[in-house]
Amino acid sequence: MLGNQMTRTRALLLFIAAVQLWSSASSAQSPNRIPVVGVLTVTAGPSDPVATSFRDGLKQFGYIDGENIKIDHRSADGRVDQLPRLAEELVRLRVDIIVVGAEPALSIVTKATTTIPIVMLSVDRDPVATGLVKSLSHPGGNVTGIFSLQSELAVKRLELLRDTIPGLARVAVFWDPVNRSGVSDIEAAARSLGLAIRPIEVGALYDFDSAFRIAKKQKAGAVFVLFSPGFYIQRVRLAKAALNTQVPTMFSDKPNVESGGLMSYGPTLADYWGAPHIISTVCSRVPSRASFLSNRFHASI
């Protein structure tokens with residue numbers, strides 16, 4: 001299980017400081033009001049390990065849900081089409097901050113509000129390239145948080161498969177519409193290693209048995225599963241199908257291995273949600289401890 005080796009990779013966690021808008025907004029809050037943290041996720045509900053990690057992180061800073069802070073969690077349960085409604089709901093509730101997990105949710109919530117501070121997690125895109133911030137040194141706007149360049153781990157994941165499976169020549173890649181863009185990253189990485197890629201779209205019904213049969217028919221010696229909210233929710237079914245067909249699998253996150261997958265390499269989602277940078281940013285929005293950060297970014301490898 002390789003999910004905890006993030007610090008030995010080139011995956012970059014960027015922490016973009018909160019903007020000055022946050023400071024002015026905090027001064028208008030009533031000192032007797034319990035701060036409300038909105039959480040918007042694509043898959044993870046309040047009992048998911050990532051949510052537990054987030055609550056535990058807040059406790060380390062002295063904030064306990066239901067006592068001196070309130071967490072208002074909204075999950076789309078894997079249904080991306082529900083995200084706009086859930087984002088608008090949090091905006092109407094006038095939460096103090098919105099913590100967002102995964103790219104689909106981030107895209108929706110940035111359209112729903114330009115004033116409520118947004119903390120992003122589990123995002124595999126450069127925020128400057130996507131227009132979320134103006135620059136890393138002067139982000140502007142209302143978005144802060146961390147993002148990881150997981151696409152840079154594609155080569156390492158394929159290398160691990162190649163080293164583990166003697167004679168590996170072809171690798172199937174499972175994808176769905178949410179993570180379609182990740183296929184090109186895998187194809188580029190495979191070319192550098194002399195491996196052939198066989199992309200296989202997994203439909204909305206998540207018929208993994210059929211997908212694995214196609215992989216075997218195409219003589220794929222292993223399956224590379226791109227991260228997707230749908231795949232995360234269906235991870236037990238996915239692992240069972242892999243075991244039934246005896247096809248080795250590579251994932252990006254540890255829970256997939258705990259569910260029965262062969263191996264993973266990359267950061268664990270729960271670690272993102274409990275990261276000190278993220279927790280300190282959220283806590284800085286609480287009126288009683290509103291010591292806001294300057295417009296700088298911090299990076300660690």
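Colleague: Why is R162 called partly exposed?

Modeller: The model is a predicted one, and in it R162 has a relative accessibility of 34%. Buried requires under 20% and exposed requires over 50%, so R162, at 34%, falls in between and counts as partly exposed.

Colleague: What makes R162 and D163 a salt bridge?

Modeller: The closest N and O atoms of R162 and D163 are 3.5 Å apart. The rule asks for a side-chain nitrogen of Lys or Arg within 4 Å of a carboxyl oxygen of Asp or Glu, and because 3.5 Å is within 4 Å, the pair R162 and D163 qualifies. Side chains of opposite charge can pair when their charged atoms come close.

Colleague: Is D163 buried or exposed, and how do you know?

Modeller: D163 has a relative accessible area of 59%, and since exposed means over 50%, D163 is called exposed.

Colleague: How many salt bridges does the rule give, and which residues do shared partners join into one network?

Modeller: The count comes to five salt bridges, and salt bridges with shared partners join D72, R74, R85 and E89 into one network. Within that network, the side chains of D72 and R74 meet at 2.3 Å, N to O, while R74 also forms a salt bridge with E89, whose closest N and O atoms lie 2.5 Å from one another. The pair of R74 and E89 links distant parts of the chain, with R74 in strand β3 (residues 70-75) and E89 in helix α3 (residues 83-92), 15 residues apart.

Colleague: Why are D72 and R74 called buried?

Modeller: D72 has a relative accessible area of 12%, and R74 has a relative accessibility of 17%. The cut-off for buried is under 20%, so D72 meets it at 12% and R74 meets it at 17%.

Colleague: What makes T113 a buried residue, and where does T113 lie?

Modeller: T113 lies in the loop between α4 (103-112) and β5 (118-121). Its relative accessible area is 5%, and because this is under 20%, T113 counts as buried. Not counting residues up to four places away in sequence, T113 touches V91, I98, I118 and N142.

Colleague: How do you know that T113 and T115 make a polar contact?

Modeller: The backbone nitrogen of T115 lies 3.2 Å from a polar atom of the T113 side chain, and 3.2 Å is within the 3.5 Å limit for a polar contact.

Colleague: Is T43 buried or exposed, and what does T43 contact?

Modeller: T43 sits in the loop between β2 (36-41) and α2 (49-60). With a relative accessible area of 16%, which is under 20%, T43 is therefore called buried. Leaving aside neighbours within four places in sequence, T43 is in contact with S75, D77, G78, P229, Y232 and I233.

Colleague: Why does V178 count as partly exposed, and which residues does V178 touch?

Modeller: V178 lies in the loop between β7 (170-175) and α6 (182-193), and its relative accessibility is 40%, so V178 is neither under 20% nor over 50% and counts as partly exposed. V178 touches V80, P104, S228 and P229, not counting residues up to four places away in sequence. The C-alpha atoms of V178 and P104 are separated by 7.7 Å, although these residues are 74 apart along the chain.

Colleague: What makes R55 partly exposed, and what does its side chain meet?

Modeller: R55, found in helix α2, has a relative accessibility of 27%, and because that value lies between 20% and 50%, R55 counts as partly exposed. A polar atom of the R55 side chain lies 2.8 Å from the backbone oxygen of P46, which is within the 3.5 Å limit for a polar contact.

Colleague: Which residues touch the most other members in the largest nonpolar core?

Modeller: That core has 24 residues, and V37, F54, L58, V99, W273 and V282 touch the most other members. At least two residues each come from β2, α2, β4 (97-101), β5, α11 (269-273) and α12 (276-284). Apart from this core lies another of 23 residues, among them L168, V183, L195 and M250.

Note on methods:
Residues are numbered from 1 along each chain as its sequence is written. This is a predicted model: local features need pLDDT of at least 70, side-chain atom pairs count only at pLDDT 80 or more; totals for chains, interfaces and linings use all residues. Side-chain values use heavy atoms; hydrogens and water are left out. Helices (H or I, at least four residues) and strands (E, at least two) are DSSP runs, numbered from the N terminus. Buried means under 20% relative accessible area, exposed over 50%, partly exposed in between (1.4 Å probe, protein chains only). A polar contact is a pair of N or O atoms within 3.5 Å; within protein, one must be able to donate a hydrogen and the other to accept it, and residues adjacent in sequence count only if both atoms are side-chain atoms. Contact means heavy atoms within 4.5 Å. A nonpolar core is a set of buried Ala, Val, Leu, Ile, Met, Phe, Trp, Tyr and Cys residues joined through side-chain atoms within 4.5 Å.
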